[in-house]
Amino acid sequence: MSVIASVPISSAPVDATLFRQVFRRHAAGVAVVTADAGRGPAGVTVTSLASLSAEPPLLSFSINATASTWPHLREAQTAVVHLLGAGHTELARTFATSGIDRFGAPTRWRRLPTGEPVLDGAAAWLRISIEHRLPAGGSHLVIGRVEEAGLAEAGAPLLYHDGNFHAL
């Protein structure tokens, strides 16, 4: 019989600071979303990616309304979601950093035949048509239908936990 140690549990009203602290304890996969709405490529690192449905294939992610990539995603009809592997920490940091050319060297990327920017070497990628953009607090929930996908060789994922990137 195992015994679970008693842990003092405290509770408090949930404000933005506490909400962030709680979710820092939740490990999440790391993805980069890229798009081009006609003003050049744009991209952002997200940890809110979720599979919604297999039939039809739908996914969702959220993006802060003040993010520099939001105007691009607001106007784009399509995007590419890149799942990052353990070796992609610097790529995740690049697309999480504001005020830089995220597509400049050393980022390696190309365009799909349909025009979207796709990052080289991602563990997997999904080209989506954006079906819904829903305001949600200070963010937007984006729902996309998967139109095409690509896989690299299997490997360990990149995770985000407690403010840092980690590999399994």
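1. Contacts first. A contact means heavy atoms within 4.5 Å. With that in hand, take the contacts in the protein chain whose separation is 6 or more: residues 24 or more positions apart account for 62% of them. Keep in mind that this is a predicted model.

2. The overall picture. The protein chain has three helices and twelve strands. Its C-alpha atoms fill a box of roughly 60 × 40 × 35 Å along the principal axes. The chain has 168 residues, and 36% of them count as buried. The accessible surface comes to about 10,100 Å². Carbon and sulfur atoms hold 56% of that surface.

3. Charges. The protein chain carries 13 positive and 13 negative charges. Take the mean position of each set, and the two points are 5 Å apart.

4. Strands β2, β6 and β9. Start with β6, residues 78-83. Strand β2 (residues 31-35) runs antiparallel to β6, and four bridges join the two. One pair to find on screen is Thr34 with its bridge partner Val80 in β6. β6 also pairs with strand β9 (residues 124-136), again in the antiparallel sense, over six bridges. Here Thr78 has Ser129 in β9 as its bridge partner. A general point helps when you look at side chains: in a regular strand they alternate between the two faces of the sheet.

5. One residue in detail: Ile143. Ile143 sits in strand β10, residues 139-151. Is Ile143 buried or exposed? Its relative accessibility is 14%, so Ile143 counts as buried; the cut-off for buried is under 20%. Which residues does Ile143 touch, leaving aside those up to four places away in sequence? They are Leu52, Leu59, Ser60, Ser129, Ile130, Glu131, His132 and Leu134. Ser129 is also the bridge partner of Thr78. Ala50 is worth locating as well. Ala50 and Ile143 are 93 residues apart in sequence, yet their C-alpha atoms are 9.6 Å apart in space.

6. Salt bridges: Arg110 and Asp120. The structure holds nine salt bridges. One of them joins the side chains of Arg110 and Asp120, at 3.6 Å from N to O. Arg110 lies in strand β7 (residues 109-111) and Asp120 in the loop between β8 (117-119) and β9, so the pair ties together parts that are ten residues apart in sequence. Arg110 has 42% relative accessibility and counts as partly exposed. Asp120, at 28%, also counts as partly exposed.

7. Salt bridges: Glu148 and Arg127. What distance separates the closest N and O atoms in the salt bridge of Glu148 with Arg127? They are 3.0 Å apart. Glu148 is in strand β10 and Arg127 in strand β9, so this pair ties together parts that are 21 residues apart in sequence. Glu148 is partly exposed at 33% relative accessibility. Arg127 is buried, with a relative accessible area of 14%.

8. Salt bridges: Arg145 and Glu131. The side chains of Arg145 and Glu131 meet in a salt bridge at 2.6 Å, N to O. Arg145 lies in strand β10 and Glu131 in strand β9, so the pair ties together parts 14 residues apart in sequence. Arg145 counts as partly exposed, with 29% relative accessibility. Glu131 is partly exposed too, with a relative accessible area of 33%. Elsewhere, Arg39, Arg74 and Glu75 form one network, joined by salt bridges that share partners.

9. The three-strand sheet. An open sheet has the strand order β1-β11-β12, with antiparallel pairing. Which are its edge strands? They are β1 (28-29) and β12 (164-167), because each pairs on one side only. β1 pairs with strand β11 (residues 158-161) over two bridges, in the antiparallel sense. To find this pairing, look for Ala28, which stands opposite Tyr160 in β11.

10. What to check on screen. Trace β9 and β10. Two salt bridges described above link these strands: Glu148 with Arg127, and Arg145 with Glu131. Then find Ile143 in β10 and look for Glu131 among the residues that Ile143 touches. Finish with β6, and follow its bridges to β2 and to β9.

Key. Residues numbered from 1 in each chain as written. Predicted model: local features only at pLDDT ≥ 70, side-chain atom pairs only at ≥ 80, totals over all residues. Heavy atoms only, no water. Buried < 20%, exposed > 50% of the residue type's maximum accessible area, 1.4 Å probe, protein only. Areas by Shrake-Rupley, 256 points an atom, 1.4 Å probe, with all protein chains shown as cover. Lys, Arg positive; Asp, Glu negative; His and termini not counted. Charge placed at Lys NZ, Arg CZ, Asp CG, Glu CD. Pairing = 2+ DSSP bridges. Salt bridge = Lys/Arg side-chain N within 4 Å of Asp/Glu carboxyl O.
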